[in-house]
Amino acid sequence: MIISFNLSKDPVALTVCENGGIEETDLRTVLAEAHLRRGLRDPQPTAEFGMYRLLMALALDIFFLESRETFDTDSLSDLMEKGQFDAGRIDAYFAKYANRFDLFDLQRPFLQIGGMDGEEKPLAGLVNLQPSGTNAGHFHHLHEDE
């Protein structure tokens, strides 16, 4: 059984639609339909902030680095004045790099180092909002046993 979760096509972000509803969307849709969304939402503020940073990095890669266009304040301003991103360029980017967005790819998992060995750590360490005995509880001021 092959496990796959590809961020370019599997739901990864909670977006706020124009009508105020919340919808789970993939990275491709978040960018292609950004002009139709009010923002992102996540129960973990740090995850929401991280998603905005990831989306900004993707937009810069798609519209400047991938096309080798000049990146300066004028070109960034021009991109923003269009009011929406070019969905064709977004689709071409994700088609070209689709395999790089799979969280469980054995050769190159997305933003991870595959095959790490070493000391096992509690899973609670991944959720920095919950007290784990090793991390500060930034948003929940409870003891770990609570």
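This report describes the fold of a predicted model, moving from the whole chain to its strands and then to selected helical features.

**Overall architecture**

The protein chain contains four helices and three strands, and, read from the N terminus, these elements follow one another in the order β-β-α-β-α-α-α. Of the 146 residues in the chain, 27% are buried, while the chain as a whole exposes about 10500 Å², of which carbon and sulfur atoms supply 54%. Among the contacts in the chain with a separation of 6 or more, 43% join residues that lie 24 or more positions apart.

**The strands**

Strand S1, which spans residues 13-17, is mostly covered, since four of its five residues are buried. S1 pairs both with S2 and with S3, and the table sets out these two pairings.

| Pairing | Residues of partner strand | Sense | Bridges | Opposite residues |
|---|---|---|---|---|
| S1 and S2 | S2, residues 22-25 | antiparallel | four bridges | Ala13 and Thr25 |
| S1 and S3 | S3, residues 37-41 | antiparallel | four bridges | Cys17 and Arg37 |

S1 and S2 form a hairpin with four residues between the strands, and within this hairpin Gly20 adopts a positive phi near 95 degrees. Ala13 of S1 stands opposite Thr25 in S2, whereas Cys17 stands opposite Arg37 in S3.

**Helix H2 and its surroundings**

Which helix holds Glu48? Glu48 is found in helix H2, which covers residues 45-65. When residues up to four places away in sequence are left out of the count, Glu48 touches Leu40, Arg41 and Asp42; of these, Leu40 and Arg41 fall within the range of S3, residues 37-41. Glu48 can also be related to the start of S1, for although Glu48 and Ala13 are 35 residues apart in sequence, their C-alpha atoms are 8.5 Å apart in space.

**The ends of helix H3**

Helix H3, formed by residues 73-81, is capped at its N-terminal end by Asp72, a side-chain oxygen of which lies 3.2 Å from the backbone nitrogen of Asp74. Beyond the other end of the helix, H3 is followed by Gly83, whose phi is positive and near 85 degrees. A positive phi is thus described for two glycines in this model, namely Gly20 in the hairpin of S1 and S2 and Gly83 after H3.

Terms used: Residues are numbered from 1 along each chain as its sequence is written. This is a predicted model: local features need pLDDT of at least 70, side-chain atom pairs count only at pLDDT 80 or more; totals for chains, interfaces and linings use all residues. Side-chain values use heavy atoms; hydrogens and water are left out. Buried means under 20% relative accessible area, exposed over 50%, partly exposed in between (1.4 Å probe, protein chains only). Two strands pair if DSSP finds at least two bridges between them. Contact means heavy atoms within 4.5 Å. Accessible areas come from the Shrake-Rupley method with a 1.4 Å probe; for residues, only the protein chains shown count as cover. A polar contact is a pair of N or O atoms within 3.5 Å; within protein, one must be able to donate a hydrogen and the other to accept it, and residues adjacent in sequence count only if both atoms are side-chain atoms.
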